[in-house]
Amino acid sequence: MARFEIKDDFYLDGKPFKILSGAIHYFRVPAEDWHHSLYNLKALGFNTVETYVAWNMHEPAEGNFNFEGNLDLERFLQTAQDLGLYAIVRPSPFICAEWEFGGLPAWLLTKDMRIRSSDPAFIDMVGRYYDQLLPRLVPRLLENGGNILMMQVENEYGSYGEDKTYLREIRRLMEERAVTCPLFTSDGPWRATLKAGTLIEDDLFVTGNFGSKAAYNFSQMQEFFDEHGKKWPLMCMEFWDGWFNRWKEPIIKREPEELAEAVHEVLEQGSINLYMFHGGTNFGFMNGCSARGTIDLPQVTSYDYDALLDEAGNPTAKYFAVKEMMATYYPEYPQSEPLYKESMEVENIPLVEKVSLFETLDSLSSPIESLYPKKMEELGQGYGYLLYRTEASWDADEERIRIIDGRDRAQLFIDGKRVATQYQTEIGEDILYQGKKKALSRFDILIENMGRVNYGHKFLADTQRKGIRTGVCKDLHFLLNWKQYLLPLDNPENIDFSKGWTEGQPAFYAYDFEVEAPKDTYLDLSEFGKGIAYINGHHLGRFWNVGPTLSLYIPHSYLKEGANRIIIFETEGEYKEKIHLTCKPTLKLIKGENL
């Protein structure tokens with residue numbers, strides 16, 4: 001029986017062991033490509049893969065668990081083990097990871113509890129989740145014949161709270177469910193976060209997260225260890241080799257040679273987990289969101305991260321820079337040639353059908369009626385869009401309308417005509433409209449949940465509850481008698497393309513094409529406005545012409561030999577009669593960026 005121990009060093013079967021790990025999130029990479037990415041990690045000379053576990057993917061609705069297909073974590077770990085890779089698994093309730101709500105399920109927002117705390121109601125929910133998750137992981141611990149070296153209790157908790165009872169409760173939940181491998185926390189390397197977010201006083205192993213200045217950051221961790229009399233190895237659990245991207249902001253890049261030198265600096269003193277090795281994609285509505293003051297800043301669909309593998313999983317210049325450094329300084333770790341996937345382009349794919357959202361609305365959703373508008377979560381929906389509808393007559397030649405307290409993006413239509421689009425800072429401002437006095441009009445408000453924050457204090461903010469959260473005023477009074485149409489749009493099956501289409505309205509567009517040999521590709525959306533797209537029913541994620549990304553990645557496994565269909569939901573009234581698939585991503589140059 002193999003054994004992994006943490007003493008003055010990491011020991012594997014009694015021998016010192018340097019962890020050379022790379023992050024690959026199974027839920028961001030199609031299962032058909034797991035082997036490809038894991039093989040390239042092994043080919044670099046690394047010996048371990050690290051992954052988070054996304055609670056909101058495995059329990060999308062309370063009590064409804066999914067561990068199949070692309071969420072088959074056991075299969076992912078077995079694929080890694082078959083390639084000779086060990087694993088670090090991070091099943092903490094919160095993962096950050098630039099993932100929607102930091103991996104927490106949206107339905108928690110309907111509960112009377114304080115999340116990420118020792119609140120018994122929250123601990124009970126985590127326990128129910130762990131009852132399903134941990135029995136799948138325990139057989140895969142190293143000592144049970146699997147490849148899991150260690151597991152995480154909480155992630156960067158010192159950047160959020162100091163509730164040590166909470167940390168102890170999560171540890172208890174894991175240990176009571178037969179998790180016997182070494183456990184750890186990961187935090188920023190400075191004293192304030194280490195003091196708040198660790199259980200060093202309970203002898204729980206501590207790791208740090210940083211992306212540069214390894215000597216300095218490790219010295220801070222060592223000082224903290226010395227203060228508590230711990231003779232532990234140093235490990236950077238997240239060495240940020242790139243960075244994530246937000247809408248309207250430049251793509252962030254890092255020079256390959258500089259990265260390789262920085263990785264070497266880490267390895268001179270300790271062990272490493274490259275975050276990310278393969279970033280992958282925030283498919284569906286799973287992109288996270290940053291918080292800056294009162295403003296939430298949603299992140300893009302691509303999680304390329306400027307990592308060692310690109311979004312499709314192919315080696316980048318960074319891969320080869322690190323590989324050369326490893327061969328120079330650590331030749332004892334065997335390397336091999338990496339794998340590549342081919343890509344393809346398809347031009348002039350024709351538009352074959354289109355329909356306005358308002359025309360096919362009844363085939364997509366049945367209205368829920370209430371006196372005042374309800375929040376998205378109150379209506380039983382976590383992600384996507386929500387359409388609010390009511391009727392009102394005009395009392396003057398010009399009146400003002402205000403959407404009071406809405407999140408995240410609102411589009412107002414009156415009698416089917418677009419009147420205004422507002423986003424966060426504009427929502428609540430006056431919208432002036434000239435109607436016909438005494439005439440009755442239909443009001444439609446399309447709300448988009450653009451993603452919940454994944455880091456910081458705003459988990460507890462009411463802003464993470466989406467939709468219209470107070471009401472809609474005409475003149476000075478709130479309008480009543482609302483119909484609410486749930487539009488999770490997780491698949492396009494119920495779109496009725498036999499109905500009509502009106503220029504300028506949100507609409508669905510279908511494009512058909514043939515493929516002989518499916519390969520990876522990118523859907524160029526540079527001439528569209530904003531929305532989401534599907535390929536053969538697979539939700540590819542969001543697009544927006546503000547950039548910096550103007551395309552969506554299509555994995556080869558989402559395509560079929562023969563007939564294929566792309567459906568685009570576009571909310572700005574911008575579309576094209578023909579679309580194109582490209583071999584590389586389409587990007588938009590934003591000031592301050594060097595592509």
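## Two pockets in a predicted model

The lining of the largest pocket is made up of 14 nonpolar, 14 polar and 3 charged residues. Keep in mind as you explore that this is a predicted model.

How much space does the largest pocket hold? Its volume is about 1,000 Å³. A total of 31 residues line this pocket, and M57, P60, M286, Y383 and D490 are the closest to its centre. Try finding those five in the structure above. The elements that contribute two or more residues to this lining are helix 2 (55-58) and strand 28 (538-544).

Now for the second largest pocket, which has a volume of about 690 Å³. Its lining has 36 residues, and those nearest the centre are K253, D304, D310, E311 and P585. Here the elements giving two or more residues are helix 9 (317-329) and strand 29 (551-554). Strand 29 provides the largest share of this lining, with 3 residues. By class, the lining of the second largest pocket splits into 15 nonpolar, 9 polar and 12 charged residues.

Here are the two linings side by side:

| Pocket | Nonpolar | Polar | Charged |
|---|---|---|---|
| Largest pocket | 14 residues | 14 residues | 3 residues |
| Second largest pocket | 15 residues | 9 residues | 12 residues |

Where does the second largest pocket lie with respect to domain 1 and domain 2? Domain 1 (4-330) and domain 2 (346-353 + 491-582) both give residues to its lining, so this pocket lies between them.

Key: Residues are numbered from 1 along each chain as its sequence is written. This is a predicted model: local features need pLDDT of at least 70, side-chain atom pairs count only at pLDDT 80 or more; totals for chains, interfaces and linings use all residues. Side-chain values use heavy atoms; hydrogens and water are left out. On a 1 Å grid over the protein atoms alone, a cavity is a set of points where a 1.4 Å probe fits but cannot get out, and a pocket is an open set with protein on both sides within 12 Å along at least five of seven lines; lining residues have an atom within 4 Å of a point. Grid points are joined across faces, edges and corners, and a volume is the space filled by probe spheres set on the points. Helices (H or I, at least four residues) and strands (E, at least two) are DSSP runs, numbered from the N terminus. Ala, Val, Leu, Ile, Met, Phe, Trp, Tyr, Cys and Pro count as nonpolar, Asp, Glu, Lys and Arg as charged, and the others, Gly among them, as polar. Domain bounds come from an automatic or database domain assignment.
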